[in-house]
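This briefing covers a single model, with notes grouped by topic. Please look over the sequence and structure before reading on.

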Amino acid sequence: DPITCTLNTKSIYFYEVGLRIAHLLKLEALVQDLFRAVQQRTAEIVDLSGTMGEPTNLTLTRYNEARVVFRTTFTHVEQEIY
């Protein structure tokens, strides 16, 4: 799951470098997988940003737990966006 995957522990530029290397090596399946992951992660960041400042429900649901974990998995670029 790209939302909770902690690949940023490998590198804070994991997706950016991975996309570039996969493209250079012409690994189209990997390019598509990484691009799809970046799209999903970006959509989640936009979703999180849209709820900033709204009252939150203190009940930790499984979905909320994933969102809390997601914030700890940001790459450098994602930190700048958020």
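Does Arg36 count as buried, partly exposed or exposed, and what is its relative accessibility? Arg36 counts as partly exposed, because its relative accessibility is 41% and the partly exposed class lies between 20% and 50%. The model is predicted. The points below take up the salt bridges, the aromatic pairs, the nonpolar core and the nonpolar surface patch.

**Salt bridges**

- Two salt bridges turn up in a search of the whole structure.
- One of them joins the side chains of Asp33 and Arg36, with an N to O distance of 2.9 Å.
- Asp33 and Arg36 are both in helix α2 (residues 28–50), where three residues, about one turn of the helix, separate them.
- Asp33, like its partner, is partly exposed, at 43% relative accessible area for Asp33 and 41% for Arg36.
- Arg41 and Glu78 also form a salt bridge, and their closest N and O atoms are 2.7 Å apart.
- This pair connects distant parts of the chain, since Arg41 belongs to helix α2 and Glu78 to helix α4 (residues 76–81), 37 residues apart.
- Arg41 and Glu78 are both buried.

**Aromatic pairs**

- The whole structure holds three aromatic pairs.
- Phe14 and Tyr15 make an edge-to-face pair, because their ring planes stand at 85 degrees, with ring centres 5.4 Å apart.
- Within this pair, Phe14 is partly exposed at 27% relative accessible area, whereas Tyr15 is buried at 5%.
- Phe70 and Phe74 are likewise edge-to-face, with ring centres 5.1 Å apart and planes at 80 degrees.
- Phe70 is buried, with 0% relative accessible area, and Phe74 is buried at 5%.
- Phe70 and Phe74 join Tyr82 in one aromatic cluster.

**Nonpolar core**

- The largest nonpolar core has five residues: Ile3, Ile45, Leu48, Phe70 and Phe74.
- Beyond its neighbours within four places in sequence, Leu48 contacts Arg67, Phe70, Arg71 and Tyr82.
- Two of these contacts of Leu48, Phe70 and Tyr82, are members of the aromatic cluster.

**Nonpolar surface patch**

- A nonpolar patch of about 710 Å² on the surface is formed by Ile12, Tyr13, Val17, Ile21, Leu24, Leu25, Leu27 and Leu30.
- Helix α1 (residues 14–24) is the main contributor to this patch, supplying three residues.
- Leu24, a patch member, lies in helix α1.
- Leu24 counts as exposed because its relative accessibility is 53%, and the exposed class begins over 50%.

Key: Residues numbered from 1 in each chain as written. Predicted model: local features only at pLDDT ≥ 70, side-chain atom pairs only at ≥ 80, totals over all residues. Heavy atoms only, no water. Patch = residues over 30% accessible without salt bridge, like charges linked within 9 Å, V, L, I, M, F, W, Y side chains within 5 Å. Areas by Shrake-Rupley, 256 points an atom, 1.4 Å probe, with all protein chains shown as cover. Salt bridge = Lys/Arg side-chain N within 4 Å of Asp/Glu carboxyl O. Helix = DSSP H or I, 4+ residues; strand = E, 2+ residues; numbered from the N terminus. Buried < 20%, exposed > 50% of the residue type's maximum accessible area, 1.4 Å probe, protein only. Core = buried A, V, L, I, M, F, W, Y, C linked by side-chain atoms within 4.5 Å. Contact = heavy atoms within 4.5 Å. Phe/Tyr/Trp six-rings, centres within 6.5 Å; stacked < 30°, edge-to-face > 60°.
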